[in-house]
2 protein chains.
Amino acid sequence: MTASPSPALARHDLIARFSEILGPAGVLTDATDIAPFCTDWRSLYHGRALAVLRPASTDELAAIVRLCVAHDVPMVPQGGNTSMVGGATPDDTGREVVICLSRMNRIRGIDPRDLTMEIEAGVTLKAAQDAAWEAGFMLPLSISSEGSAQIGGVLATNAGGNNTLRYGNARELTLGLEAVMPDGSVFNGLRRLRKDNTGYALRQLLVGSEGTLGFITTAILQLHPQPREIDAALCAVEDASAALDLLGLLRSRDPSLLQAFEFMSGTGMELVTDLIPGAGLPLEETAPAYVLLELATPRPDADLREFTESVLGEALEEGIITDAVIAESESQRAGLWKLREEHAEAQRRAGASVKNDVSVPVTHVPELITRATSACEALIPGIRPAPFGHMGDGNIHFNLVQPEGMAPEAFLARSHDIMDTVSAIVKELDGSFSAEHGVGQLKPYMMPSWRGGAELAAMRHIKTALDPRNLMNPGKVLPPATQGA
Amino acid sequence: MTASPSPALARHDLIARFSEILGPAGVLTDATDIAPFCTDWRSLYHGRALAVLRPASTDELAAIVRLCVAHDVPMVPQGGNTSMVGGATPDDTGREVVICLSRMNRIRGIDPRDLTMEIEAGVTLKAAQDAAWEAGFMLPLSISSEGSAQIGGVLATNAGGNNTLRYGNARELTLGLEAVMPDGSVFNGLRRLRKDNTGYALRQLLVGSEGTLGFITTAILQLHPQPREIDAALCAVEDASAALDLLGLLRSRDPSLLQAFEFMSGTGMELVTDLIPGAGLPLEETAPAYVLLELATPRPDADLREFTESVLGEALEEGIITDAVIAESESQRAGLWKLREEHAEAQRRAGASVKNDVSVPVTHVPELITRATSACEALIPGIRPAPFGHMGDGNIHFNLVQPEGMAPEAFLARSHDIMDTVSAIVKELDGSFSAEHGVGQLKPYMMPSWRGGAELAAMRHIKTALDPRNLMNPGKVLPPATQGA
């Protein structure tokens, strides 16, 4: 891995070599064809690419990685192009190739006795969920971009979502992995072992490394049985502290039933019911805050409803919640989820907003919400804090909507002040500046102050050891060597 | 990390420096004091040590690591000294120091709302379990050496045990970690975050690295609620294939209830009931094989017994099992577990035996047992295969007892033939040569053929990057560079 690269090839020679390996269908060079791969979906980043390469197999990918290494060509992996942090967008040098694995899109098999699915990187998460469901099982990983996001990117970014508190994030659901390493060798870790203590946790390391240590080509994912009963309930609470009490009550009864626990502020809910057609609050009165919870069990005779009613009844009696409604049908359940899922859209309609995907220890969520709300209100009078999200995991999308009547540009000009205000509190509460979305190219600058010292040093050593020429998704995750420890 | 070491100090100078840092109580040099640290409990390895160092804090440990690095002194971490693979025993050069963290033995706190425990490396697993239980929770990690094994070693070896199929192994239960890295810096990852996508999975990498990448000093562990109902049942089955059907049936009903699923062969059970006083089979007839299963729930009104009886009734009706008994009391439950836990002791009493701690995909367990049994019987007529263990995780202790009447030495002379026979089948079934016990110094020679190519190469790159002078537990996990890829 330390041999010198061959002399740089002219662009057309390189492309000819790529075409030899991939065939003409596997190499895009036309500017129009390439354009969609050079911009992220939020349009935050606009890069250029030498070419877009579309290998159809692990062997083809390994061959082009070796070619890129030999000629010092940086590589940017891309799946469904749904990164929130520019993790899959090339830089503007035009030297980088984008490597898109969407042609590797086979579901290789589902093992109904082992509850596993072997699946290639280019399958969309939705297609994977559907295939699992048709086979009688559930792939519990679910994120809002699942219709486009592909398994390779889902694993490379260790995706989370609504059901993480019960089933874990992408890393916990990945039993086996195949990846092309930065020298073009193939790591074949497509094992289906629940216990395997034979050396370092490479699989766990590759998951979440955002394509900087290797490109994931195939995975073996853990499936779960389908739930036979699901109860969704919307609860009105006084504040996040009461929501935490409700979580504690549910966990003390049976933590294995809880598969979602979503917090919503009164402000956020009001925006949804005001601005989203068909979104109505199914409670008699509005409240300062809400919890959308979901209980589920695969057990056929579990009497889940009895449990749900009993525990919510107890919560009402004890004053933990002030009101609650349990969905009586699939459509009512969808209606409750609509209130949660339309938060981002309602905020968009309300004007400019600033987003923070942060996490803190679950017990600190109330303090985070109280303190960050006050601090932002002090910073910009009239600002509308609308925190919501995966409270059961301590993961809050601490979004802030502009004051009514303020010019959006004036509000957005304060974005960094707002983010810094929230960040400072998250940091004091031992939290994270990126709970779900990763680091990408948006947040490497935050790494030295949040993960500096021995931690960042170890990450840099690992990166340099595996990818000494920094050709795998350069500029992502780690800040430049000149910045920070 | 690449600066040249200072000139080697004479032993007495080094010891004086260690004593300055640790005080006299922290440095053992007397041969009698050192002896217990130089031999593993199975007495497979006998090493020597320059000294045994007993830091009382992370700062003290960091200081001695820096001193060792400066003077090129290799370090061997040791906790309860319960390794099955010589992972904590020094070599015979006398150059190595043993670093024992048993003075770092505080349980720093339990957070009842976050269900977490902050705990230092030197606490025994049993003490950690007890503290969690007294606080009203459960630390589900349980292994037979838990009375001696310390948290640092438990995490460094990614310990598993009986309840892994429900609660995960040590890695899954570790939310946060502090470790002293090979350059003496401190990785402070004592976070309690369920979601945190900010860079590489160092915590997961350190867990299971057997002290070769850093020394774990403190951890934040995930607790679970105590079960309120537990049903243990012993089932008679025709073979491992029927046991697999039983596992499938239980999982299709409610996988969240199952917390142990242990297979035992008829041969192994017969040895236990014949050779262990007070161990009687609570079934009317003996069977070719048995399953000890345990269902548990924290839910107070779960009617677990009704569920257990219903599912075992169905299994009987469908011919999956031929008989079953459910423990009616704590003492009956202990009696069932005694049948399982005395397997090793019964085998010891039956003469010489050869042990294999292997794993395969759960669905391949029947094939493993059938094929390995036949192959070993063909190899040594009269050999008594007595496979048992964590079938729910695909982890079988494939132990083989000598033929009756054979000289133990003659049988043990065939150890490697027997292990190779079992290994070859495990490998064909995409299994692992070490499910739970790790690699230590017993099995690095197996790494090139089982985890060679890109996988071992990546492990070597990581090791060299983090510990360029190979001073952290050298000779463990990875084979010498001259061996294998």
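Before I start on β12(B), a reminder to myself: I call two strands paired if DSSP finds at least two bridges between them. The model I'm looking at is a predicted one.

**Strand β12 of chain B**

I looked up the partners of β12(B), residues 229-237, and began with β14(B), residues 289-297. Nine bridges join β12(B) to β14(B), and the two run antiparallel. For a landmark in that pairing I noted Ala232(B), which stands opposite Glu294(B) in β14(B).

Next I checked β15(B), residues 323-326. That strand is also antiparallel to β12(B), with four bridges joining them. Here my landmark is Ala236(B), which sits opposite Asp323(B) of β15(B).

Then I asked myself why β12(B) counts as largely enclosed by the rest of the structure. Seven of its nine residues are buried, so that's my reason. Buried, for me, is under 20% relative accessible area.

**The core**

I pulled up the largest nonpolar core and found 190 residues in it. Leu246 and Leu293, in chain A and in chain B, are the ones with the most contacts inside this core.

I followed up on Leu246(B), skipping neighbours within four places in sequence. Its contacts include Cys235(B), Phe261(B), Val291(B) and Leu293(B). I also wrote down Leu312(B), Ala315(B), Ile320(B) and Ile321(B) as contacts of Leu246(B).

**The two chains**

Last, I looked at how chain A maps onto chain B. A rotation of 180 degrees, with 0.0 Å of shift along its axis, superposes them at an RMSD of 0.0 Å. That's the relation of a two-fold axis. Both copies use the same surface, as 100% of the contact residues of chain A recur in chain B.

Methods
Residues numbered from 1 in each chain as written. Chains lettered and ligands numbered in written order. Predicted model: local features only at pLDDT ≥ 70, side-chain atom pairs only at ≥ 80, totals over all residues. Heavy atoms only, no water. Buried < 20%, exposed > 50% of the residue type's maximum accessible area, 1.4 Å probe, protein only. Least-squares fit on C-alpha atoms with pLDDT ≥ 70 in both. Contact = heavy atoms within 4.5 Å. Core = buried A, V, L, I, M, F, W, Y, C linked by side-chain atoms within 4.5 Å.
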